[in-house]
Amino acid sequence: MSTQPSYRSTGALWLGRLLGLGLILLAAVVAVVTVPELRSELAGEGTDGTLTVSSCEAHTKTRYGTHRRTTELKFSCTGTWTAQSGGATYKDVTVETSSRLENGAKIGVVQADDTFELPEDRAPGKDIAILAFCLSLLTFGIFCLLTGFGTRNGPGLAASWQRLPAQRVAGPALGGLFVIGALTALVCALVV
């Protein structure tokens with residue numbers, strides 16, 4: 001006859017549940033911030049216009065990986081933006097581009113929510129990846145909240161999995177949602 005170790009005396013279960021609640025709240029906040037931007041991108045909201053370039057400045061973005069460092073050359077081009085419909089005109093509008101443009105060059109730029117972006121930068125793939133990651137974070141938070149998993153002296157993964165209420169339903173549901181969210185986030189971040 002085996003007995004389950006008592007985690008309640010050390011408070012490890014409650015810390016795991018508190019961690020789960022924190023993960024759920026974090027996922028909710030990130031999703032609430034991301035959804036309006038995604039909705040705007042999917043609806044095609046924004047005003048199309050043309051930026052007449054007056055100057056471009058080069059700058060680098062350095063990214064550090066596990067085995068190497070990469071440096072990406074970017075350009076900040078500034079100029080006057082004019083709406084295609086002939087309405088508004090803004091001066092000193094700055095847009096990030098991947099190539100240097102000559103003075104007087106005209107490029108298509110979209111104005112949305114007081115920001116100016118190139119049309120290709122408004123792709124919804126990154127926002128979908130963020131929401132899919134929020135789904136994985138939410139399901140992991142629910143798992144921690146239900147089982148107390150996630151603390152140093154708390155139950156391990158196998159013991160927590162056994163502690164799930166309605167284990168035959170909750171386990172596959174939480175595991176499936178976690179995997180769907182993680183795979184969707186990975187595909188959207190790398191491909192879309």
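Student: Where in the chain does Ala166 sit?
Tutor: Keep in mind that this is a predicted model. Ala166 isn't part of a helix here; its place is in the loop between α3 (157-162) and α4. So if you're hunting for Ala166, look in the loop between α3 and α4.

Student: And is Ala166 buried or exposed?
Tutor: Anything over 50% relative accessible area counts as exposed. Ala166 comes out at 57% relative accessibility, so Ala166 is exposed.

Student: What is the phi of Ala166?
Tutor: Most residues other than glycine have a negative phi. Ala166 is not a glycine, yet its phi is positive, at about 50°.

Student: Which strand holds Asp92, which has a positive phi?
Tutor: The phi of Asp92 is near 55°, a positive value in a residue other than glycine. Asp92 is also exposed, because its relative accessible area is 65%. As for its location, Asp92 lies in strand β3.

Student: Let's move to the helices. How do α1 and α2 run relative to each other?
Tutor: Helix α1 covers residues 12-43 and helix α2 covers residues 125-147. They pack with their axes 7 Å apart, at an angle of about 160°. Angles over 145 degrees count that way, so α1 and α2 are roughly antiparallel.

Student: How many nonpolar residues are in the contact of α1 with α2?
Tutor: The crossing of these two helices, α1 and α2, is left-handed. Sorted by class, their contact has five polar and four charged residues. The nonpolar count for α1 with α2 is 22.

Student: Which residues does Leu137 contact, leaving aside neighbours within four places in sequence?
Tutor: Leu137 is found in helix α2, and it counts as buried because its relative accessibility is 14%. Leu137 and Ala27 are 110 residues apart in sequence, but 6.0 Å apart in space, C-alpha to C-alpha. Leaving the sequence neighbours aside, the contacts of Leu137 are Leu23, Leu26 and Ala27.

Student: What about α2 and α4: how are they oriented to each other?
Tutor: Helix α4 spans residues 167-190, and its axis comes within 8 Å of that of α2, crossing at roughly 155°. The crossing of α2 and α4 is left-handed. With that angle, α2 and α4 are therefore roughly antiparallel.

Student: How many charged residues are in the contact of α2 with α4?
Tutor: On the α2 side you'll find residues including Ala132, Ser136 and Phe140, and these α2 residues meet a set in α4 including Leu177, Gly181 and Ala185. By class, the contact of α2 with α4 has 16 nonpolar and five polar residues, and the number of charged ones is no more than that: there are no charged residues.

Student: Which residues does Ser136 touch beyond four places in sequence?
Tutor: Ser136 is found in helix α2. Ser136 counts as buried because its relative accessibility is 5%. Not counting residues up to four places away, Ser136 touches Leu177, Phe178, Gly181 and Ala182.

Student: What is the C-alpha separation of Leu177 and Leu135?
Tutor: Leu177 lies in helix α4 and is partly exposed, because its relative accessibility is 37%. Leaving aside neighbours within four places in sequence, Leu177 is in contact with Leu135, Ser136 and Thr139. Leu177 and Leu135 are 42 residues apart along the chain, and their C-alpha atoms are separated by 7.2 Å.

Student: Which strand gives the largest share of the largest nonpolar core?
Tutor: That core has 14 residues, and those with the most contacts inside it are Leu51, Trp81, Val95 and Val109. At least two residues each come from β1 (47-64), β2 (69-83), β3 (89-97) and β4. The largest share is four residues, and it comes from β2.

Student: How many residues are in the second core?
Tutor: This core is separate, and among its members are Phe143, Cys144, Phe149 and Leu174. Its count of residues is six.

Student: Last one: how far apart in space are Gly108 and Gly150?
Tutor: Gly108 lies in strand β4 (residues 106-112) and is partly exposed, because its relative accessibility is 41%. Apart from neighbours within four places in sequence, Gly108 is in contact with Gly49, Leu118 and Pro119. Gly108 and Gly150 are 42 residues apart in sequence, and their C-alpha to C-alpha distance is 49 Å.

Notes:
Residues numbered from 1 in each chain as written. Predicted model: local features only at pLDDT ≥ 70, side-chain atom pairs only at ≥ 80, totals over all residues. Heavy atoms only, no water. Axes fitted to C-alpha atoms, helices over the stretch in contact; angles between N-to-C directions. Parallel < 35°, antiparallel > 145°, perpendicular 65-115°, else oblique. Left-handed = near helix turned anticlockwise from the far one by under 90°. Nonpolar A, V, L, I, M, F, W, Y, C, P; charged D, E, K, R; others polar. Buried < 20%, exposed > 50% of the residue type's maximum accessible area, 1.4 Å probe, protein only. Contact = heavy atoms within 4.5 Å. Core = buried A, V, L, I, M, F, W, Y, C linked by side-chain atoms within 4.5 Å.
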